[in-house]
Amino acid sequence: MSSDYEYSDDDAEYYDDDEEMIDGTQEEGDDSDDDVDMDTFGDDFKVSTKGKKKSYEVDYDSLSQQQVEKLMQKDVDHICGIFGVDVSTAGLLLRHMKWNKEKLIEKYMDNPDSVAVAAGVTIPEARPAPPSRSNSQAAAAAANQPSRRPLTRGSKLLSLASGSKSSSSKSPTTPQRAPPISRTSSWKRTQDEPFVCQICFNDAPNLQPLALDCEHAFCSDCWKDYLTAKIMEEGEHSVRCMAEDCALVLPDPFIRELLVPAMDAPAPTTKEAKAAEAQGLKTWSHFQELLVRHFVACNAHLKFCPYPSCTNTVSCPSAASKSSLTTVVPTVSCGARGIGGEEMSQSQHGPGLQGKEHKFCFGCPIESDHRPVVCNVAKMWLRKCRDDSETANWIKSNTKECSQCQSTIEKNGGCNHMTCKKCKHEFCWVCMGPWSEHGTAWYSCNRYDEKTGVDARDAQSKSRASLERYLHYYNRWANHEQSAKLSVELYAKTEKKMEEMQITSSLTWIEVQFMKKAVEEVEKCRMTLKWTYAMAYYLASGNHKELFEDNQRDLEKAVEDLSELLESPLEAENIPNLRAQVTNKTVYVQKRNEIVLEDTANGFLEGRWHWNTPVEGFDDDDNEA
């Protein structure tokens, strides 16, 4: 995730665990003061917040995988209490209905048989053959034949349909609970029929066959290989029976029994057995993670952290609907820092990089903080930067087509006498007319004032003006993005200056942290500035846009002044003065950044912003072509 063209997370903030984060979000218990106190480092960067949530912030909760699993278990217990089924069956029913409890209860109460069959809990009942004999003969034949699904087998699934029918016969008007559904993974071998696995064709006497209610039995090794492939390679959280056209879903206890060894099982002794056990535990752990991800994906108020190797989840109900995304930018944090499971290289051990916070947008796939612009406008801007529309605009502005063969030609010299290399047609670059009518005056076009020539030049001028406008905003957007990417080098330079300050002055390591805090604020404000140019490109002209650009200009000037102070050479006698200037400018930059974010957020809430192109989610009154 290195660029916002791929919805990157470059603009995440940096800070260490043991230090105060300077983003104006201190808790209510913190003592804040606007005045700068040079005696202690802790007061250098405090800004008065009074514990009030800002208009550009949203309420959210960070959840670990264990906390999400508790939410899942709560829903499962709720369904178990209503339907009277076991935990495994309730989980399969909820996954089938995408964890929509209300919809599941409604459909299950109407027709529990069809819901259970569709969820892969039970196999469908065989339809009776059309009657071809008398009723008495058919009844006698049915009495002599064994039941299709006897309940005496250990591997059988108790019939949900029969339970519901018997209950309804007792009380037709009062709905009754279906009997609990239980599953086992055993399969009984008859003495006359030896078992042969239909996958590997193994018929060893000590082979352990396993089957569900569908009676499709396979050996345990084939089941394990099948589960490993489905879970680890295909990422399936709902694994169906291996038999062709069988829709029965494997319950969680069946999967766990295959992958996780029993508590009283002997420890593996061989290297192959140890590797197989480790692979089974890894597969089971990944299966649990897939279940959590499916639960999160089915809930609009939950979203997984997009950072690599992070399993945390964020709950943000205020940004769960599309309509809310037109008034707020839901920037959230999962609470984790760094890249899990990866060791940082020596170049990544600069200040702040160890504690890189996982910040991302809850409302869209952009894996970064794109405040102050709302999600739909940010996606429009990134789409415009990625597609070929501007390439075509450049071709239209810098090239012309031959009037004979329509080949695209770029002028590479000062002469207006053009010759098409493809068809050898000679024409004038100014008026696009045949060169034979221009005589020898190649330096002058006597058709310059003709209407056709004027129209052609006007169209090309408009195209060039549109391109120049786009490049004006894009170049500044890309410049701040590039500056953010260079933050690693800036952190390294700042760390060296901080060490030099300790050597050449009496300041401690804590007291020189003002440099690191200044770098963090510059990096954060550049991300804000970067997205203000994307928003300004789509804003309709008017007083509101001018005020927006005034705030943008003030913030940009303050950031450049602070960056210049950070890049200035370090002199021992000037360290106290430099500390005062950097500290004051850092607080000022932080306040200017909050002004931009606050004013923009209030504008969305008040409906103040209007666009020069249609934007999804906004009324036609807000879109001014």
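Which ring does the charged end of Arg469 sit over? Here are some notes to read beside the model, which is a predicted one.

1. **The charge over a ring.** The ring in question belongs to Tyr537, and the charged end of Arg469 is 4.4 Å from its centre. Tyr537 itself counts as buried, with a relative accessibility of 8%. If you are browsing for similar arrangements, have a look at Arg608 too, which lies over the face of Trp609 at 5.2 Å from the ring centre.

2. **The aromatic cluster.** Tyr537 also belongs to a cluster joined by ring pairs, whose members are Trp381, Tyr470, Tyr473, Tyr474, Trp477, Trp531, Tyr537 and Tyr538. Over the whole structure, a search finds 19 aromatic pairs. A pair of aromatic rings is described by how far apart the centres are and by the angle between the planes.

3. **Trp477 and Trp531.** In this pair the ring centres are 5.9 Å apart and the planes meet at 80 degrees; an angle over 60 counts as edge-to-face, so that is the class of this pair. The pair links distant parts of the chain, since Trp477 is in helix 12 (residues 451-485) and Trp531 in helix 14 (residues 513-538), 54 residues apart. Both are buried: Trp477 has a relative accessibility of 0%, and Trp531 has a relative accessible area of 0%.

4. **Tyr537 and Tyr538.** These two tyrosines form another edge-to-face pair, at 5.0 Å centre to centre and with 90 degrees between the planes. Tyr538 is buried as well, with a relative accessible area of 6%. Tyr537 is thus worth a second look on screen, because it counts as buried at 8%, pairs with Tyr538 and has the charged end of Arg469 over its ring.

5. **The second largest pocket.** How much space lies in this pocket? The volume is about 610 Å³. Of the 23 residues in its lining, those closest to the centre are Lys224, Leu258, Leu259, Ala276 and Glu277. Helix 7 (220-233), helix 8 (252-259) and helix 9 (271-297) each contribute at least two lining residues. Sorted by class, the lining holds 13 nonpolar, five polar and five charged residues.

6. **The cavities.** Rolling a probe the size of a water molecule over the atoms shows where empty space is left. The structure has three cavities of 30 Å³ or more, and the second largest holds about 70 Å³ of space. Its lining is made up of Ser55, Tyr56, Thr327, Val328, Val329, Arg371, Pro372, Leu597, Thr600, Ala601 and Phe604. By class, that gives seven nonpolar, three polar and one charged residues.

7. **A cis peptide bond.** Two of those lining residues, Arg371 and Pro372, deserve a closer look. The peptide bond from Arg371 to Pro372 is cis, and its omega is near 10 degrees. Pro372 lies in the loop between strand 7 and helix 10 (375-386).

8. **Strands 6 and 7.** Strand 7 (residues 357-361) pairs with strand 6 in the antiparallel sense, over four bridges. Within this pairing, Val332 stands opposite Phe360 of strand 7. Is strand 6 mostly covered or mostly open? Strand 6 (residues 331-337) is mostly covered, with five of its seven residues buried.

9. **Two positive phi values.** Neither of these residues is glycine, yet each has a positive phi. For Trp99 the value is near 60 degrees, and the residue sits in the loop between helix 2 (87-96) and helix 3 (101-110). For Glu215 phi is near 65 degrees, in the loop between strand 2 (209-210) and strand 3 (218-219). Their surroundings can be set side by side: Trp99 counts as buried at 6% relative accessibility, whereas Glu215 is partly exposed, with a relative accessible area of 40%.

10. **A contact across the chain.** Last, please find Ala572, in the loop between helix 15 (543-567) and helix 16 (575-606). Its relative accessible area is 41%, so Ala572 is partly exposed. The C-alpha atoms of Ala572 and Met501 are separated by 7.5 Å, although the two residues are 71 residues apart along the chain.

Note on methods:
Residues are numbered from 1 along each chain as its sequence is written. This is a predicted model: local features need pLDDT of at least 70, side-chain atom pairs count only at pLDDT 80 or more; totals for chains, interfaces and linings use all residues. Side-chain values use heavy atoms; hydrogens and water are left out. On a 1 Å grid over the protein atoms alone, a cavity is a set of points where a 1.4 Å probe fits but cannot get out, and a pocket is an open set with protein on both sides within 12 Å along at least five of seven lines; lining residues have an atom within 4 Å of a point. Grid points are joined across faces, edges and corners, and a volume is the space filled by probe spheres set on the points. Ala, Val, Leu, Ile, Met, Phe, Trp, Tyr, Cys and Pro count as nonpolar, Asp, Glu, Lys and Arg as charged, and the others, Gly among them, as polar. Buried means under 20% relative accessible area, exposed over 50%, partly exposed in between (1.4 Å probe, protein chains only). Two strands pair if DSSP finds at least two bridges between them. Rings of Phe, Tyr and Trp (its six-membered ring) pair if their centres lie within 6.5 Å; planes under 30 degrees apart count as stacked, over 60 as edge-to-face and the rest as tilted. A charge sits over a ring if NZ of Lys or CZ of Arg is within 6 Å of the ring centre and within 35 degrees of the ring normal.
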